[in-house]
Amino acid sequence: MMQSADIRRSFLEFFAAKGHKIVPSASLIPDPSLGLLFTNAGMNHFIPCFQGKGSPHPRVANTQRCLRAGGKHNDLEDVGFDGYHHTFFEMLGNWSFGDYFKKKAIRWAWELLVQHWHFPKERLYATVYSPGKDEPASFDQGAHAIWSSLFEAEGLAVAEHVLCFGEKENFWTMGEMGPCGPCSEIHIDLTPSGNTKGALVNRGDPRCIEIWNLVFMQFSRSKGAPLSELPQKCIDTGMGLERVAGILATTENFTRFDRVPDNYASDLFEDIFQKISEFSGLRHGGRFSQNCQKVLGEEESRDFAFRVIADHLRALCFGIADGIFPSNEGRGYVLRRILRRAVLFGKKLNLKEGFLVSLVPTVVNKMGSVFPELVKNQKDITSIIASEEEHFERALDRGMALFEDYCQQAHDGIFSGEEAFKLYDTYGFPLDLTVLLAKMKGLEVDVAKFEEKMEEQRARARKETQLSSLIDCDSWTEDSVEGYTKKTAFCGYKRDLIEISEDQTVFSKEAKSVSLSGEKKEVKSIITDKTPFYPEGGGQIGDIGTLSFPDVDEKWENLKGKTWKIVKTRHEIGYERKGIIAHFFSEEDPIICENEEQRKLLLGAKVKLSVDLPRRLAIERHHTATHLLQAALRNILGNHVQQNGSLVTDQKLRFDFIHFEAISPETIKTIEEQIQQWILSNREVRCSETDFDKKPEDCIAFFRDKYADRVRVVEIPGISKELCGGCHVRALGEIGLFKILSESAISSGVRRIEAVAGNVAARLLRQQSGIVKEVQQELSVEKEENIIEKINLLKEEYHKLKTEYDSYRQQLEPNCRLEALRFFQYKESLYGSLICKYIDYREPKKLHELTRILAYERGHKDVIVLLLYPASHISPYLMNLTLRLSSEWLERGFQAKECLEKVLSALKESREMENYKTWCVAKGHDYAHGGSIPFEGSPIWKIERFCKEQLKSIFNLEKIPFSTNPFSI
């Protein structure tokens, strides 16, 4: 029987013999211009070829890795319910770009299936396009004639084996516009008798399924216009490897037809199932629900989990290998959902934590010879899955317990949308996962309510963003920018005019004022036709400096010879795409216009813009150092490292990146050393501009939607090449020093490094050196390298003394039971015992034992124990409170936590405790511990008496006069 590797190899060899160039599989990340989350079909990366923009060869074939788990093509929620849906799959395909057309495409498909793979011809059916009312193009007579001749030659009835369908089934289109055309699908009848005469084709019956689609691209669709003939007709075919392998496996090479076709029965999944069986002690039985809308039985549910895990594991391995990493947005969020579904269904099989990462080698061993990306990136795949799996496992148990509770609360078969949102918001349960779990219990999730809660959350986020913008930004008048849409020319990359004054070094440019903002008398910001000020963006903060009017008339004394500080530079809100740059003055020092005439004078006036040069140079050092940091991280940690945000200032740099574990101190040191070596090499930093579509292939680009048609390439030869519009040093030696300050996690799978460079790094090292010198002097150590040794000696001495002290304290500590007996020397009353006493105890465990003895032993009933004791050895003016109630009080509905809170609240408001803060933390229903309260200046006996009065009130004991109250001691 042919295995999957045999099918793949024979397919490619067949079309290679037909003159096709065999090309490698493209990435699962499609070209951004396609607007797709994932590569979801074999033809995605050939779309430019269909549009006549060139092709690698007139005939091409390959096996393309595909992922359908988001967007228009989303099979995620169907995986596991049947034997033919997958998130990840391989698409075998052959293409012609203006070479052969329908005749060869159809005949070769028939030849491969019937003559090479020995598919039973009497079980095969072909469909052709026949338009219905208002559907495009005409009947595909050409394809019908070719198919008819093939079936006739085999003695098979054309009317039964060549079937006609409309646009939905047999007309392929790339979108609203672009190449399109009719298609022919090849179906196979796998019913036991095999003589359904085409009655099950396109009827949703798993026993009669499509195996190959041949698309004949011969038209072009334009908006509002009829179809036109393409000058270059193309062929695009696609056949799922999993489906062919599953058919051959279930039918045992067409020798039996008593089972429903199952892709998961093929060798592509066999090794994964075997490993899951080893881990779980269970086996995959190939059982399916007769109706996927029904609740799955126990055995069906088990097999369902096997299929979900196996499918999702493959999707994860291939996705991560192609640089898609779990995150909270876009394709990364889809991958995170896939991983969490797999982990969840591992629970159904009682698989141990970390099972998913243990399955990774199985996929790599099976597929690595065909897709070397898996082998190359196995380390990244393993570490990323391990990190994500561990993170989700921590929340899963709590989330599942809540899910079960919510199921119990469901009414009329409806799972609350609010509860579904809580699972999503608190425990990371994607909606589709909750829907699936609920469906398996016969419940339907109120999706509308879930979406309502989601929209409320989005609205809150939008409001917060708007508030942030209002606080941060000045508003321009409605007509301030109107009429001026020309891009502000940024001329700040080359510092060709530098001025040194008494208090600052600047580089200046002359420009023309074109727009103002602010009220008539106060100009708060200004737009010029060109500027040397870099506007905030791309992670780099904006420049600051000064502005002046060198040529204004002398009669305007308030303008002539004066300068104003520019405190912020940024693209005006809503005008970033237009490149309009605004310079903002200090709120305390706007330009004051004496009248409307002077304001008009400012429009069109010549201005001198001077950038604070030392600050800019510090920013440039940090920005170029950021590029070096990213290059070092990718070299040392792996190419999976991707920028996830950055901040470049004159004081430091911050770099957020995708990585799934903490970086060790040794690795941090290696990264620093690598960057410092690059700085010492003093390589040139080259900057150039190009069209985005013509950028170098090895150029790193992020956040595609922020790039304009023209982009700037910043290259450090042999080290880094990135798209970046920021400002950089001219050579690496200008950076000077580089030092990493910290490395931390900011979210799951995202790390953050903060670092300093140049003068800031030098200043930091001087500070650290000074601290080391002070420590050296304090410890009386001759050499710096002996400081750690001296500290270790002091630590040993401290632990020795502490042990001796603890031993001494233990000898002096009174015995708990003897202390309890002293308390019970007092008389009891009908109402029980109230004990409220300060005690010089500092051991929490012994205090707990003492209150337990007082409340429960020696046969006493209705006991209330409130002990006050020192909060610490250090401060005698802090006191803790602890309260315990005997079981009789608990049965009456009293709780220690609530009662102690009342006592503490009263203490806080009392004159004795005025201005003191108190707090309370519960330790149990019968035992509560209050936070420390200061009592300096208030005698302990007053606090004891106050607490007794409060307890008498709480427990309704006021009937007994305080002076004769047997509860008091």
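**Close-up 1. The second largest cavity of the predicted model encloses about 50 Å³ of space.** This cavity belongs to a predicted structure that holds two cavities of 30 Å³ or more. Its lining is made up of Leu268, Asp271, Ile272, Arg314, Thr362, Val363, Lys366 and Met367, which by class amount to four nonpolar, one polar and three charged residues. Helix 8 (267-280) and helix 12 (360-367) each supply at least two residues of this lining, and helix 12 gives the most, with four residues.

**Close-up 2. Helix 14, covering residues 378-409, carries a kink centred on leucine 396, and has 32 residues.** The kink at leucine 396 amounts to about 35°. From its first C-alpha to its last, helix 14 nevertheless reaches 44 Å, a span close to the 46 Å expected at 1.5 Å a residue.

**Close-up 3. Strand 20 (residues 545-548) pairs with strand 21 (residues 563-571) in the antiparallel sense, and with strand 24 (residues 606-612) in the antiparallel sense as well.** The pairing of strand 20 with strand 21 runs over four bridges, and the pairing of strand 20 with strand 24 likewise runs over four bridges.

**Close-up 4. Serine 548 is shown with its partner in strand 21, threonine 563, and with its partner in strand 24, lysine 608.** Serine 548 stands opposite threonine 563 where strand 21 is concerned, while in strand 24 the residue opposite serine 548 is lysine 608. As background for reading side chains in such a view, in a regular strand they alternate between the two faces of the sheet.

How values were computed. Residues numbered from 1 in each chain as written. Predicted model: local features only at pLDDT ≥ 70, side-chain atom pairs only at ≥ 80, totals over all residues. Heavy atoms only, no water. Expected span 1.5 Å × (residues − 1). Bend = angle between axes of the 7 residues up to and from the residue. Pairing = 2+ DSSP bridges. 1 Å grid on protein atoms, 1.4 Å probe; cavity = no way out; pocket = protein on both sides within 12 Å on 5 of 7 lines; lining within 4 Å. Points joined across faces, edges and corners; volume = space filled by probe spheres on them. Nonpolar A, V, L, I, M, F, W, Y, C, P; charged D, E, K, R; others polar.
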